[in-house]
Every structure is written in structure tokens, then in C-alpha cells.
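Here are some exercises to help you find your way around a new structure. Try each task with the model open, then follow the solution step by step.

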Amino acid sequence: MTDITPLRDFIRDMTRLANEGATESRWLTEGAGLLRRLVATDGWLPEAYAEAGPRYRQYLLHCDPLERFCVVSFVWGPGQRTPIHNHTVWGLVGMLRGEEISTEMRAGAPMLPGQVDRLREGEVVAVSADTYDIHVVENALADRASISIHVYGGNIGAIARSVFDGETGATKRFISGYDNEAVPNLWDRSKEMVAA
Ligand SMILES: [Fe+2]
């Protein structure tokens with residue numbers, strides 16, 4: 001049985017940061033600290049948002065009503081990877097289960113790999129339109145699914161961004177959408193009320 005409380009607390013704290021008008025540098029430091037705390041424990045992600053599919057899955061867990069940030073669970077089956085893509089907004093990636101590899105890609109024909117980050121359970125890294133915005137991400141484990149929790153500075157599934165051809169560097173317009181139609185119910189607090 002999952003207990004969604006840590007996700008609700010995280011979204012509340014991130015909403016406070018948004019209300020304070022946080023700069024990107026605050027999101028990438030204080031927001032990263034909050035995400036580190038969220039992925040330090042497992043057991044809060046409902047099963048429906050942890051299922052792998054025939055290609056990698058991106059499940060929206062929450063979008064701020066003013067689209068100042070969103071929270072997404074990415075589920076990578078064995079061998080699954082993204083196309084080379086950018087974000088255009090700041091982002092945070094926290095590893096909940098398993099491991100993933102993010103490889104920065106530099107413009108050119110062909111595009112060349114830059115920094116490589118191997119993310120292990122509990123670790124958090126940032127992406128930023130100013131420094132590290134184009135990458136490819138893959139499951140680092142060949143025998144099981146990996147899950148990472150992403151936060152972006154906007155409604156990432158509805159932002160027009162780009163995918164890149166690694167050989168030619170050519171770009172194509174990309175709007176990722178999400179794989180789910182319903183978001184998790186954060187607000188059934190009846191059990192704690194019964195226990196009180
Ligand atoms: Fe990405």
C-alpha cells in the first residue's frame with residue numbers, strides 16, 4: 001500500500017517556492033534539496049505511475065495551476081532511451097528506483113557527447129537552458145525498470161521544444177505530452193482523520 005503523503009508535502013513546498021517568486025538558482029538549490037528528500041524514500045508512488053511500457057513512460061503527477069512547475073515520473077524499461085532532446089526551461093531529475101545515464105550532447109554534425117552523468121538511487125541532477133540543456137537519457141540497467149522523478153519550470157508536456165538528429169544535428173519540433181489522463185489523488189486524507 002502506498003502512502004502519498006511525501007508527494008503531497010513536496011508539492012506544497014514547491015508551491016511555496018513558486019509563490020516566493022523563486023529564481024532559477026533557488027529552484028536548482030532549494031528545489032533540488034526538496035527533491036532529494038522526496039526520492040530518499042520509496043513507497044509513495046502509486047503503482048499506476050510506476051508501470052513500464054513498450055517505450056519509456058512519462059506520467060504527470062502534478063502540474064501547478066499557474067504552470068510554474070510540474071512533477072513527472074519517468075519509467076524506463078530495460079534498454080529504453082529518449083531521443084536527443086532539449087527542455088528550454090530549468091529541470092531537476094531525482095532517481096527513485098534503479099539507475100539512469102544522462103549524456104549531454106553538443107551541437108554539430110555529427111553531435112558529440114559531452115558530460116555523462118550516471119544517476120543512482122537518491123541522487124538529484126539539474127538541467128538548465130543556460131548550461132546543460134541538450135541530452136539523451138537511458139536506463140542504465142539491462143534487467144529491470146528504473147524510475148526517476150522530474151520537476152520542470154513549466155508544464156513540460158505542453159512546451160514546444162526540439163529533438164535532434166545525432167548525425168546531422170537537424171532539429172524537429174517536439175511536444176512530448178504525457179502518458180496518463182488522470183493524476184494521482186493527493187487529497188484523500190480520511191485515514192489520518194480517522195486515526196486522529
Ligand atoms: Fe531531458
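**Exercise 1. Find what histidine 87 touches, then decide whether histidine 87 is buried or exposed.**

Step 1. Skip the residues up to four places away in sequence, and histidine 87 touches Val127, Ala129, Asp133, Tyr152 and Arg161. Keep in mind that this is a predicted model.

Step 2. Now find its place: histidine 87 sits in the loop between β3 and β4.

Step 3. Count the neighbours. There are 21 other C-beta atoms within 10 Å of histidine 87. The cut-off for a buried residue is 20 or more, so histidine 87 is buried.

**Exercise 2. Work out which residues share the "binding site" feature with His87, and how they lie in space.**

Step 1. Look at the record: an unreviewed UniProt entry places the feature "binding site" at His85, His87 and His135.

Step 2. Check the spacing. These residues are spread over 51 residues of sequence, yet they cluster in space, with a largest C-alpha distance of 9.2 Å.

Step 3. Take a look at histidine 85, which lies in strand β3. Histidine 85 has 19 other C-beta atoms within 10 Å, so it counts as partly exposed.

Step 4. List its contacts, leaving aside neighbours within four places in sequence: Arg161, Ser162, Val163 and Phe174.

**Exercise 3. Trace how β3, β10 and β11 are joined.**

Step 1. Start at β3 (residues 84-85), which pairs with β10 (residues 161-164) in the antiparallel sense over 2 bridges. In that pairing, isoleucine 84 stands opposite phenylalanine 164.

Step 2. Move on to β11 (residues 171-174): 4 bridges join this strand to β10, and the two run antiparallel. Here valine 163 has lysine 172 of β11 as its bridge partner.

Step 3. Check the turn. The hairpin of β10 and β11 has 6 residues between the strands, and glycine 169 in this hairpin takes a positive phi near 80°.

**Exercise 4. Put the strands of the open sheet in order and say which ones stand at the edges.**

Step 1. Read off the order: the open sheet has 5 strands, arranged β1-β2-β9-β4-β7 with antiparallel pairing.

Step 2. Go to the ends. β1 and β7 (124-127) each have a single partner strand, so one side of each is left without a neighbour in the sheet.

Step 3. Add the twist, which averages 25° from one strand to the next.

Step 4. Zoom in on β1 and β2 (residues 70-76). They run antiparallel and are joined by 6 bridges, and tyrosine 59 stands opposite serine 73 in β2.

Step 5. Bring in a helix: α2 lies across β4 (91-97), β7 and β9 (146-152), at about 15° to β4.

**Exercise 5. Look for backbone details in the loops: positive phi values outside glycine, and a cis peptide bond.**

Step 1. Try the loop between β1 and β2, where glutamate 67 is found. Its phi is near 55°, a positive value in a residue other than glycine. Glutamate 67 counts as partly exposed, because it has 13 C-beta neighbours inside 10 Å.

Step 2. Go to the loop between β3 and β4, where threonine 88 lies. Threonine 88 isn't a glycine, but has a positive phi of about 70°. With 15 C-beta neighbours inside 10 Å, threonine 88 counts as partly exposed.

Step 3. Finish with proline 110, in the loop between β5 (100-106) and β6 (112-119). The peptide bond that leads from alanine 109 to proline 110 is cis, with omega near 5°.

**Exercise 6. Place aspartate 42 and describe its surroundings.**

Step 1. Aspartate 42 is in the loop between α2 (24-39) and β1 (57-63).

Step 2. It has 14 other C-beta atoms within 10 Å, so aspartate 42 is partly exposed.

Step 3. Beyond its neighbours within four places in sequence, aspartate 42 is in contact with Leu96 and Arg97.

**Exercise 7. Step back and describe the whole chain.**

Step 1. Count the elements: 3 helices and 11 strands.

Step 2. Test the packing. A compact globule of 196 residues would have a radius of gyration near 16 Å, and the chain agrees with 17 Å.

Step 3. Check burial: 31% of the 196 residues count as buried.

Terms used:
Residues numbered from 1 in each chain as written. Predicted model: local features only at pLDDT ≥ 70, side-chain atom pairs only at ≥ 80, totals over all residues. Pairing = 2+ DSSP bridges. Buried ≥ 20, exposed ≤ 12 C-beta atoms within 10 Å, placed from the backbone. Contact = placed C-beta atoms within 7 Å. Axes fitted to C-alpha atoms, helices over the stretch in contact; angles between N-to-C directions. UniProt positions renumbered as here; feature names shortened; annotations may be inferred. Rg over C-alpha atoms; globule rule 2.2 N^0.38 Å.
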